[in-house]
Amino acid sequence: MTLNDEEKAMLHGEHGATLRLAMEHQLAVGRFFGAQDMVPVTQAHIMADTESLGQAGVQWLEQLADAGGVVRIPTITDPRGTDFAHAQELGQADWMVELERRAIDAFIRLGVAMTDTCINYQTVLPATRGEHVAYGDTGVVIYANSVFGARSNYEGGPSALSAALTGRTPRYGFHLDEKRQATIRFRVTHTPRTLDEWGALGAVIGRKTGSYDQVPVVEGLEGAAGSDEIKHFGAAMASFGSIALFHVVGMTPEAPTLASVGGQRLSDIHTVDESELVAFRRGYADGDTSVDVVVFSAPQLSLYELRKLAALAKGQSFRIPLLVTTSPQVKPDADRFGYTQAIESAGGTVLQGMCFYQSYAREMAEARGWRRLASNSAKLVNILGGYGYQPRLASMEQCVQAAISGELQ
């Protein structure tokens, strides 16, 4: 790889051991992916949950902090592994909480802002078109690439932190113009109406695309999707297909027309109709309608999702646990507007700074006896099957009714 003078100085240890280690890591990544050089990045987003980091990961962070490393660009974090105020009721062990505190301390010493959110594009420093960034979370990357027209690959935790420390990342993948052209074409005949339908559509397209290197272009959606709709659409597509970039003709910034992203040369058109979305949801039904827990998470909820949920919860009484995750940026407004009170008065719990599947979901299930779970997030439903749950995908209204009755109809 070609390095400039500053990058060579980092590699040779002229700016300290931490930057030398970061640059060595980035060189290894860049060479693996065939990058020719580095590209400057303006911000980084790091996966920060301790379930992923483990003891070794936290010790590594502490060693970097002890060595005096400090990030040089704005750097924020994905959700944590716990909400400290609710760790005990969630069934999280003391060692989990202590590991979380150690990770936070190390990140703060490194100069990382503990934003604890996977919806930074709705709350903190959204990326702009053409901006090169180093993002980690799948939902964050696909939203930034597709909806804002920013440029990022999926950065692993060490890679995102290395980018934060050096202010650059290897120039490969979606940092390159040619990699942002459409490679597979979809025509949708049914525009989703609810968030779970948007997630189902993203999941179907993700499954049919099925590769990180592929870029789907979508035609046929009516009107303009809102931020929450496109959030669930992209998060599910990334979860089911490892997709990092999609285009919607006439909606996303790089695709004002089909030809703008090279879609006109793709003669093989994959059609997605309403029956496929219905079949997708039915794929999670097994005849047993009982529910142990209802979870709204993955991605964290926006203020307007919380407003709708609060209206549905007002005056109700939940028979089973209903858990909601949101960001520390949104939670104070939810408190101020009375949304938190409405949800918790019904028996729900509003958690901040965490995401359910990144929070020792299997251990929580074992501690609380949870097995059958309902959610309106296709991404969450996809992931939790691997944690021992039997998940069901349903609308927000159906999920609230399940919390009230203990049954999902």
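Ala374 of strand β13 has Arg392 of β14 as its bridge partner in this predicted model, where local features require pLDDT of at least 70, side-chain atom pairs count only at pLDDT 80 or more, and totals for chains, interfaces and linings use all residues. Residues are numbered from 1 along each chain as its sequence is written, and side-chain values use heavy atoms, with hydrogens and water left out. Strands are DSSP runs of E with at least two residues, helices runs of H or I with at least four, numbered from the N terminus; two strands pair if DSSP finds at least two bridges between them.

Strands β13 and β14 run parallel and are joined by 4 bridges. On β10 (residues 293–301), β13 (residues 372–375) pairs in the parallel sense over 2 bridges: Val293 is matched with Leu373 and Val294 with Ala374. Both faces of β13 are covered, with Arg372 and Ala374 on one side and Leu373 and Ser375 on the other, all buried (under 20% relative accessible area, 1.4 Å probe, protein chains only).

These strands belong to an open parallel sheet of 5 strands, ordered β12-β11-β10-β13-β14. Its edges are β12 (349–352) and β14 (390–393), each paired on one side only. The twist averages 25° from one strand to the next. Helix α11 (residues 303–313) packs on the sheet, touching β10 and β11 (322–326), and its direction makes about 155° with that of β10. Contact means heavy atoms within 4.5 Å; axes are lines fitted to C-alpha atoms, for helices over the stretch in contact, and angles run from 0 to 180 degrees between N-to-C directions.

Methods:
Buried means under 20% relative accessible area, exposed over 50%, partly exposed in between (1.4 Å probe, protein chains only).
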